[in-house]
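Subject: Structure handover

Hello,

Here is the structure for you to look over. My notes come after it.

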Amino acid sequence: MHKISLKDWVILLTLVPTTLIGLGVATYFSYSRYVELDNFLETQSRSIIEPLAIAGSDLLIDGEREKLRHLISFAHRSQSSIIKSIAVFTQDNQIFVTSSYHGDVNLMRLKASQPIPETTLMKEYEDYLVYKTPIIDETNATSNHASPIGYVALQIDKSKIQFAQQSEVLIAYGIVGLGVLINFIFSMRLIKNVTRPISSMVQAVDRIREGKLNSRISGDLIGELEFLKNGVNSMAQSLEDVDDEMHKSVEQATIDLRESLEQFEIQNVELNIANKKAQDANQVKSEFLANMSHELRTPLNGVIGFTRQVLKTPLSDTQRDYLHTIERSAANLLSIINDILDFSKLDAGKMVIENIPFSIREATEEVLTLLAPSAHQKNIELSFNMNQSVPDSLIGDAMRIKQIIINLASNAIKFTDKGSVNIDIKCQQVDKQFTILRVEMADTGVGINHEQQKAIFEAFGQADKSVTRLYGGTGLGLVISQRLATEMNGDIGFTSEEGKGSTFWFTFKCEMTPIPLISQLPSSALEHKNVLYIEPHMHSRMATTQIMSDWGMQVSHATSVNQLDHVLSQDKQFDHLLIGHDTTPLALDELKKLIQRLSPLVDSIIVAVNSNSPQLQETLVSSGASHCVSKPITPSRLSKAFRHNDKDKEENQVAVPDKKVAPIKVLAVDDNEANLKLIKTLLLEQVAEVVTATNGLEALNLCKIEKYALIFMDIQMPVLDGISAMNSIRAQTFNDSTPIIAVTAHALTGEKDKLIEQGFDFYMSKPIDEAMLSHTIYEYCDIDSFQHAKSVPDNLNSSETSQTTTNKHANAIVDWSLALRRAGNKTDLAKDMLTGLTNSLPETKKLISEALTAQDIEQLKTLVHKLNGACCYSGVPNLGKVTHEIETALKKGNSIEDLEPEFYEFFEHVDNVIKVAPQILHSLEPPRIRH
């Protein structure tokens, strides 16, 4: 928008108003004068013609033409400036006399049809005005009517009047123009005396703003402008003084700053030293955590390993149950240690959620087995109910799910002194591929008030600080559970009322798999059996009734002895009697009496109590019970109890269904002979035929002559690597649509997605999980292959191994139990894998030493990757760990010099395996019989 200058404003405010006012006044007076002259002309004309009409009346009647001409001529001469002609017409419209025969008589004559007007009539023409007035005979006129005897016509010339009017207008507007001109002259004078000094002041201020503080306004000005000039000059002088003072201050500040910078440099050096000390301390802390992790995991691995070995020996049911509890407790303790050490990963959002096949029912029963002793100790009713709509075979992180359940249920038990803790699992949402499950834990404990609920999910916090002393705990459980639920695309929440209890819940999302992961319980023999169930706790009664109803059993209920008597009075025969009861001393006496009373009526009496005590169970059995189980009642425990007295079934045996073998041909590619042998063995348990290749080129040639249902491809191989082989198979063979699964011993973060982007259909890491392998075959092969698969007996020969020799070798150098698990519990295969690794280690050690000497990074990566793959299946945890760390560091671009300590440790572990492995293999040989 254009800004109006001061000069423009002066002109606008002086000339425009003056011009407008002058034009208004001139127009007003010109118009008034114009109207005044018109009125004057009309008045004059009437004052001439009307007297002539009166005076000429008698003369017209008498016919005295000369006198009448003399009269009108006199009138014409007296007003000759405006009169053009005067004429008198008779009644018959004939000219009687005129003052000028040069006038236009016809212009003044009335038309033939027009009557003589009764009053004066005026008609205007361009240059003339014509007035006509009647001549009345006054002598013969009546009061009401006068007859005209003729009329007088007067022709007025307007030219002089018009000239006068135009002159008046010109004079008025000329005066206005003169006034505007004089005003313009004075305005320009004002502009010269005011705006120019102001412009010079503006320029001076601009120079001052640009830093030219010595600029001043000069010249003599008038009035207030002189004061303004002095003010601006004073301001400039003040700014100049301030600028000088500021420069002096800046110089002093610069000197002070230099001194401060010197101090800062000294402080920075001190901070760097302190930071280095902090980093060293953090490194020490990390090493301490790593060492503590190793020191904690090592004995726990020993506990788990020895427990598993003892489980392979002949044991009683009680001993086996105890050992299973020890094994699960140790495994959960190991996972808790891992969670504490990985808490920083949770804070950073780097927690990795596994996706492996698992059974939700089996995982939940393991958790209940661990939680039961805590509930039993407080005599709390722990019950579990899983809705039948919940799919059992899922793909997700079973360990994290169990961890959340343990955290929430342990809190429920911890803060409940009496009553019950009820666990419910239901299906919140299901589609074709995924399901969202909701797990709820309701207790009758102390509850949480409104203020405490706000801080319930804070790290290292408790609902009430006093509960730390009363109940213990770190305050990390709910925080870890919340973040784990979020990582599994779920949520967590709770409702609570102080003094009445709390209900905690969480949801998680899992992929479903139709492959059954656990054997179905043999419940066909229980179908149509009648069972009488006595249970005072409603949730336990509903959950257990649902299990038995799903097996086809006919269930009758009783919540008290009175109801029991009522049911028994109906003379109904029962095959089984299930009694749920408390374990207080008074309750136990009542329970013994009840068992003794009902023993003659029912052959099979099963008692479920809140205790794991073998002595209590033996006491109840001696009182007449057929079997005793610990609460909470699970399907597997209940099925085993019912079958305990079934004479048609072998005691304590669970029928193992034959495995299904899909009638398909699979190609396995790996450059490591031991790895190739193992994957072939694992695949032959699930598919009809397996073809092997030792490098990518060999696999490519095989794919050119035959089509396979599935291809398992190692990534790093000689001759032709896995990625290149995959691309060539897609482009050059008729296996272009065959699913190709990447199999590698190591993958950095994001490498899985990279392999998928490069064209692989799926990714599996070594060591291969059998459940994951089964799921992969199902996922990427025709489902009909499984529906029409052949049945073959399951081969379980691992228990034939000598227990005394395996137990003592479950250590960090060679862990034989780990080797067995990696080989699918096949002793011969585990021996072959360990033997192959031991025989290859001297040559591998030599090649790696040569690569280190030659600084050949690529050759080093290849050798370490190959060894890492072999270690995955051979039960050498120390060597496998350091090999994995070296491969990770090499892939991240670390130099050989940076990895020098790791390589020293690596060669030490290689020597240990070369030394210890032959001794263990020798001890595994069966003793020779001397003859």
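Below are the notes on surface patches and on one pair of strands.

Please keep in mind that this is a predicted model.

Surface patches

Start with the positive charge. Lys7, Arg189, Lys192 and Arg196 gather in a positive patch on the surface. Helix H4, residues 159–209, supplies the largest share of that patch, with three residues. Arg189 is one of the patch residues, and Arg189 is found in H4.

H4 also has a place in a nonpolar patch, through Ile185. The members of this surface patch are Leu178, Leu181, Ile182, Phe184, Ile185, Phe186 and Met188. Together they have about 670 Å² of accessible area. Is Ile185 buried or exposed? Ile185 has a relative accessible area of 52%. The cut-off for exposed is over 50%, so Ile185 counts as exposed.

Negative charge gathers on the surface too. Asp256, Glu259, Glu262 and Glu265 form that patch. Glu265 lies in helix H5, residues 224–311. Its relative accessible area is 53%. That value is over the 50% cut-off, so Glu265 is exposed as well.

The strand pair

Now turn to E20 and E21. Strand E20 covers residues 710–714, and strand E21 covers residues 740–744. The two run parallel, and four bridges join them. Two contacts are worth finding on screen. Phe712 has Ile741 of E21 as its bridge partner. Asp714 stands opposite Val743 in E21.

How many of the five residues of E20 are buried? Five of the five are, so E20 is largely enclosed by the rest of the structure. E21 gives a matching count: five of its five residues are buried, so E21 too is largely enclosed.

Take the faces next. In a regular strand, side chains alternate between the two faces of the sheet. On E20, Leu710, Phe712 and Asp714 sit on one side, with Ile711 and Met713 on the other. All of these are buried, and both faces of E20 are covered. On E21, one side holds Ile740, Ala742 and Thr744, and the other holds Ile741 and Val743. These are all buried too, and both faces of E21 are covered.

To look at the pair, begin with Phe712 and its partner Ile741. For the patches, begin with Ile185 in H4 and Glu265 in H5.

Best wishes

How values were computed: Residues numbered from 1 in each chain as written. Predicted model: local features only at pLDDT ≥ 70, side-chain atom pairs only at ≥ 80, totals over all residues. Heavy atoms only, no water. Patch = residues over 30% accessible without salt bridge, like charges linked within 9 Å, V, L, I, M, F, W, Y side chains within 5 Å. Areas by Shrake-Rupley, 256 points an atom, 1.4 Å probe, with all protein chains shown as cover. Salt bridge = Lys/Arg side-chain N within 4 Å of Asp/Glu carboxyl O. Lys, Arg positive; Asp, Glu negative; His and termini not counted. Charge placed at Lys NZ, Arg CZ, Asp CG, Glu CD. Buried < 20%, exposed > 50% of the residue type's maximum accessible area, 1.4 Å probe, protein only. Pairing = 2+ DSSP bridges.
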